[in-house]
Amino acid sequence: MKTEIPCDLCGRNIFDRIADRDRDNRPLDTVICTNCGLVRHADVPSEEDLATFYSGSYREEYNGEKTPGPRRVMRAWLNGERICRQISSAIPAGAKILEVGAGIGCTVKVFEQAGFRAEGIDPGGEFLTYSRERLRANVTICSLDDLPGTSQFDAVLLIHVIEHLRSPVNALRRIAGLLKPDGLLYVECPNLQAPFASRRRLFHYAHIHNLVPETLQQFGAAGGFELQQRFGDGQDPNLQMLFRKTSDVILKTDPLNAQRTLKGLRRTDFLPYHLRARYMIDRVRKVSSYAREQLRAQAFVERLIDNCSGSQIGSRAA
Ligand SMILES: [Zn+2]
């Protein structure tokens with residue numbers, strides 16, 4: 001099929017449909033570019049469509065006043081700590097770091113406590129009051145396009161954001177412009193090829209692009225970045241990649257990627273027994289530990305807020 005909006009990676013517009021339902025069985029056409037293997041919605045939503053979609057859950061309704069639950073905060077904090085452990089040794093001490101799509105603000109705060117000048121922007125800013133007043137994290141409501149182009153960051157974090165973008169290439173080029181020469185970009189997003197990412201559980205209106213390792217790496221290259229390090233393994237539900245800004249913008253596509261991605265998707269529809277068993281055991285553990293986790297999270301967040309209330313918000317928010 002021919003699509004109106006060309007492939008963000010290779011610019012062609014010939015796609016094959018691979019699914020017609022989202023994870024909740026609502027109609028959603030998902031297609032794969034026959035040239036480069038990029039998987040995305042058949043109809044890329046317009047900026048207006050996206051604004052309407054997101055405004056239902058926050059923006060106007062909450063106006064920064066929403067309070068995240070303790071489990072959500074604890075998970076976001078532990079996730080931020082994992083990311084900081086993974087990449088902080090690659091970033092110069094005291095470096096200036098920007099998180100694009102900072103959400104609750106936990107990761108920004110974790111990096112600040114690790115000695116970096118960390119700040120975050122979030123276009124919706126649904127948790128802005130919580131981020132700033134409880135966590136004392138330096139987060140502002142701002143979109144990537146509205147940031148002054150003169151900001152010189154040593155590193156940018158893009159965590160569970162790229163899959164939501166209409167044009168990841170444009171965003172990555174914009175980010176490259178915000179970084180110093182040799183600056184770092186850390187990207188995390190769902191991995192379409194993860195064993196449990198069966199297509200029945202995958203597709204979601206808000207995730208315009210669905211990435212595999214090759215397409216994330218190609219997006220990086222098209223935005224002016226080269227891969228430095230990949231974290232996690234093929235079992236991990238998320239891709240975790242650290243890129244370095246280069247002076248070259250290389251648009252390279254892999255003609256075998258489409259075939260490989262389709263083969264991978266067919267495989268995940270028929271999981272081997274041992275993987276399925278592992279998945280089921282994980283699910284049972286998850287459900288049975290819910291009450292315990294809730295208690296643990298409440299205590300965790302109380303300590304966390306105590307700890308954060310002693311520290312200062314950085315210069316941007318002051
Ligand atoms: Zn393509």
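Helix 4 is followed by G115, whose phi is positive, near 100°. Helices here are DSSP runs of H or I with at least four residues, strands are runs of E with at least two, and both are numbered from the N terminus. This is a predicted model, in which local features need pLDDT of at least 70, side-chain atom pairs count only at pLDDT 80 or more, and totals for chains, interfaces and linings use all residues. Residues are numbered from 1 along each chain as its sequence is written, and side-chain values use heavy atoms, with hydrogens and water left out.

Helix 4 itself spans residues 106-113, and seven of its eight residues are buried. Buried means under 20% relative accessible area, exposed means over 50%, and partly exposed is in between, with a 1.4 Å probe and protein chains only. The buried residues are C106, T107, V108, K109, V110, F111 and E112. Their cover includes helix 3, helix 11 and four strands: strand 4 (96-100), strand 5 (117-122), strand 6 (139-141) and strand 7 (153-159).

Two of these covering elements, helix 3 (residues 70-87) and helix 11 (residues 290-309), also meet each other, with axes that come within 8 Å and cross at roughly 70°. Axes are lines fitted to C-alpha atoms, for helices over the stretch in contact, and angles run from 0 to 180 degrees between N-to-C directions. Helix 3 and helix 11 are therefore roughly perpendicular, a word that covers 65 to 115 degrees; under 35 counts as roughly parallel, over 145 as roughly antiparallel, and the rest as oblique. Their crossing is left-handed, meaning that the near helix is turned anticlockwise from the far one by less than a right angle; clockwise would be right-handed. Helix 3 contributes P70, R71, V73, M74, R75, W77 and L78 to the contact, and the residues from helix 11 include Y290, F300 and L304. Contact means heavy atoms within 4.5 Å. By class, this contact has 11 nonpolar, two polar and four charged residues. Ala, Val, Leu, Ile, Met, Phe, Trp, Tyr, Cys and Pro count as nonpolar, Asp, Glu, Lys and Arg as charged, and the others, Gly among them, as polar.

A second helix pair is formed by helix 6 (residues 168-178) and helix 8 (residues 213-223), which pack at about 50° with axes 8 Å apart. That angle makes helix 6 oblique to helix 8. The crossing of this pair is right-handed. P168, V169, L172, R173 and A176 of helix 6 meet F219, G220, A222 and G223 of helix 8. Six of the residues in this contact are nonpolar, two are polar and one is charged.

Two single residues come next. D248 is in the loop between strand 11 (238-245) and helix 9 (257-269), and is partly exposed at 44% relative accessible area. Beyond neighbours within four places in sequence, D248 contacts A221 and G224. E226, in strand 10 (residues 225-231), is partly exposed at 43%. Not counting residues up to four places away, E226 touches L242, F243, R244 and T246.

For the whole chain, the count is 11 helices and 11 strands. Of its 318 residues, 48% are buried. Among contacts between residues at least 6 apart in sequence, 71% join residues at least 24 apart.
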